Amino acid sequence: MRLSTNEAWLMDGGKVVYGPTPISHGMPGYETPPGVFHVSFKKEFHWSTMHNAPMEYATFFNGDIAFHVGPIEKQSHGCVRMTYEGAKAFYEYLWPGDVVEVVE
């Protein structure tokens with residue numbers, strides 16, 4: 001995922017298998033950190049008690065940060081918001097232990 005261009009890809013064996021897909025990420029004070037992480041768990045429907053909001057097709061990769069369906073026109077509190085199609089593709093393709101790379 002590249003923060004500077006608001007795009008994400010699914011890659012396998014060095015080849016793009018999906019994307020780029022548009023994203024939005026954390027606003028100032030709630031930045032989505034760059035780094036290499038691993039998918040920890042995923043839930044088709046998760047309710048954020050922290051923000052009292054739905055997180056459809058949530059794929060968690062850095063503590064409480066996840067890819068999920070959300071408005072890509074607005075920045076988040078750290079999560080990676082995606083279109084419905086993008087979040088569903090990531091949810092269906094990624095599994096716990098898979099690598100997530102976030103670059104500037």
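Student: In which strand does H68 lie?

Tutor: Assign the secondary structure, then find the run that holds the residue. This is a predicted model. In it, H68 belongs to strand β6.

Student: Is H68 buried or exposed?

Tutor: Read the relative accessibility against a cut-off. Buried means under 20%. H68 has 7% relative accessibility, so H68 counts as buried.

Student: What does H68 contact, beyond its neighbours within four places in sequence?

Tutor: Set the sequence neighbours aside and list what remains. For H68 the list is M55, E56, Y57, A58, C79, V80, R81, M82 and A87.

Student: C79 is on that list. Where is C79 placed?

Tutor: C79 sits in the loop between β6 and β7.

Student: Why does C79 count as buried?

Tutor: Apply the cut-off again: buried means under 20% relative accessible area. C79 has 12%, so C79 is buried. Leaving aside neighbours within four places in sequence, C79 touches S24, H25, G26, T32, M55, D64, I65, A66 and H68.

Student: Which residues does the UniProt "active site" annotation cover?

Tutor: Keep a record apart from the coordinates. The unreviewed UniProt entry places "active site" on H68 and C79. The lining of the largest pocket includes both H68 and C79.

Student: Which residues have the most contacts inside the largest nonpolar core?

Tutor: Take the core as a network and look for its best-connected members. This core has 20 residues. Those with the most contacts inside it are M1, F61, F67, V80, M82, F90 and V102.

Student: Which elements each supply at least two residues of this core?

Tutor: They are β1 (7-12), β5 (53-62), β6 (65-69), β7 (80-82), α1 (84-93) and β8 (99-102). The largest share, four residues, comes from α1.

Student: What does the second, separate core include?

Tutor: That core has five residues, among them A58, F60, A66 and C79.

Student: Back to M1. What does M1 touch, not counting residues up to four places away in sequence?

Tutor: Scan the partners along the chain. M1 touches E7, A8, I23, T32, F61, F67, V80, E101, V102 and V103.

Student: Which residues of α1 are buried?

Tutor: Sort the helix by accessibility, then see what the buried part packs against. In α1, G86, A87, A89, F90 and Y91 are buried. The buried residues of α1 pack against β1, β2 (15-24), β4 (41-48), β5, β6 and β7.

Student: How far apart are the end C-alpha atoms of residues 1-103?

Tutor: They lie 6 Å apart. The span is 10% helix and 49% strand. The unreviewed UniProt entry annotates residues 1-103 as "domain: L,D-TPase catalytic".

Definitions and conventions:
Residues numbered from 1 in each chain as written. Predicted model: local features only at pLDDT ≥ 70, side-chain atom pairs only at ≥ 80, totals over all residues. Heavy atoms only, no water. Core = buried A, V, L, I, M, F, W, Y, C linked by side-chain atoms within 4.5 Å. Buried < 20%, exposed > 50% of the residue type's maximum accessible area, 1.4 Å probe, protein only. Contact = heavy atoms within 4.5 Å. UniProt positions renumbered as here; feature names shortened; annotations may be inferred. 1 Å grid on protein atoms, 1.4 Å probe; cavity = no way out; pocket = protein on both sides within 12 Å on 5 of 7 lines; lining within 4 Å.
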